Every structure is written in structure tokens, then in C-alpha cells.
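Let's take a walk through this fold together, from its strand pairing to its aromatic rings. Have the sequence and the model open beside you as you read.

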Amino acid sequence: MPDDRPPYPPFTLETAGQKVQAAEDAWNTRDPHLVAQAYTPDSVWRNRDRFVTGREEIIAFLTDKWERELDYALRKSLWGFRENRMAVRFQYEWHDAGGQWWRSYGNELWEFDERGLMRRREASINDVAIGEADRRIHGPRPASEHGLDVPLR
């Protein structure tokens, strides 16, 4: 099926790690249409205080997000998994139109369907102002760093 997105549940440690890295890679493209293809057509999200349903709303949400969160760069780490669910922690850095840099810390809960598409995503996120000199995430993660955990601070 063209909508399949391997690896499929139930996940192993290896396939869960692959799924997390694939999500990080996709989000770092900042292409809302590409990212939305990893979710079911009726996927349900809670992102901070916003509720989003379906690919069209995901595309609109991400388009707006990346118009505000400039030079966005993300790192994700697998926290835990079982069967078709995962817990992921993440950090990303970005700056606003005024030039203020931010590091956003968060946790996500993911649920997948049998085709490997995410049907549910719940994200809790906090933003911390940082100086440009304090940045540590500069663009997509190089392959040599795949699987490495994100430091807490």
C-alpha cells in the first residue's frame, strides 16, 4: 500500500529507534506535506493547547508553526515503547522574528496503526529563552549521531 510507513508495530528496540529517527528526519525538513504523510488521514493530535484532526489540519498547523519558529532544528529520543505505542522526548531550537532564540523541551505519546502510520500524537512542550551562543542543535542530526540521547540541559 502506498500509505504504509514501515517499520510496523509491534515494535522492537531496533524498529522503535528507526521510527523515532524517521520522524526526526521528516520534521527537520520543515515540509508540512511530507510530515503529514506519516499520519493517518484522521490522525488526532494534542499539541500544547491545540487540538488538530486529520492531515489537512496537520499541514495547516505545521505551516503556521514553521512560519513563526524560524531555523527550526529538532532532536528526538526514544523514552519507551510497547506494541504499537511509544513515548518520546525531544528538544528543538528556533528563533522568532525578533531574533530571540528558544529551546523547546517536550514529551510525546504516539500510537500507530497496523500500517505504521501514527494515528494519535499528544505533545507537552515548554519553551526556554536561550542566547544564540547557547545553541547546541544546528540543523539535522548527522548520521554519526543517530540513536544518541538528547542531554537534559
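Two strands are said to pair if DSSP finds at least two bridges between them. Keep in mind that this is a predicted model.

**Strands around β6**

With that in hand, what is the bridge partner of E111 in β6? The partner is R120. That contact belongs to the pairing of strand β5 (residues 101-112) with β6, which is antiparallel and runs over twelve bridges. The two strands form a hairpin with five residues between them, and G116 in the turn has a positive phi of about 85°.

Strand β6 (residues 118-130) is also joined to β1, by five bridges and in the parallel sense. R120 appears here too, as the bridge partner of V44. R120 in β6 is therefore a bridge partner of both V44 and E111.

**Helix α1**

Helix α1 covers residues 13-28, 16 residues in total. From its first C-alpha to its last it reaches 23 Å, close to the 22 Å expected at 1.5 Å a residue. Buried residues in α1 include T15, A16, K19, V20, A23, W27 and N28. An α-helix has 3.6 residues a turn, so residues three or four places apart point the same way. Just after α1, R30 takes a positive phi of about 55°.

**Aromatic rings**

How many aromatic pairs does the model hold? The count comes to ten. Two of them are set out here.

| Pair | Arrangement | Centre to centre | Between planes |
|---|---|---|---|
| W27 and W45 | stacked | 5.9 Å | 20° |
| W66 and Y72 | edge-to-face | 5.4 Å | 65° |

W27 lies in helix α1 and W45 in strand β1 (residues 39-47), so their pair ties together parts that are 18 residues apart in sequence. Are these two residues buried or exposed? Both W27 and W45 are buried.

For the other pair, the cut-off to remember is that buried means under 20% relative accessible area. W66 counts as buried because its relative accessibility is 10%, and Y72 counts as buried at 2%.

These four residues belong to one aromatic cluster, formed by W27, Y39, W45, F61, W66, Y72, F90 and Y92.

**Charges over rings**

W27 has a further partner: the charged end of K76 sits over its ring, 5.4 Å from the centre. Elsewhere, R135 lies over the face of W101, at 3.7 Å from the ring centre.

How values were computed:
Residues numbered from 1 in each chain as written. Predicted model: local features only at pLDDT ≥ 70, side-chain atom pairs only at ≥ 80, totals over all residues. Heavy atoms only, no water. Helix = DSSP H or I, 4+ residues; strand = E, 2+ residues; numbered from the N terminus. Expected span 1.5 Å × (residues − 1). Buried < 20%, exposed > 50% of the residue type's maximum accessible area, 1.4 Å probe, protein only. Phe/Tyr/Trp six-rings, centres within 6.5 Å; stacked < 30°, edge-to-face > 60°. Lys NZ or Arg CZ within 6 Å of the ring centre and 35° of its normal.
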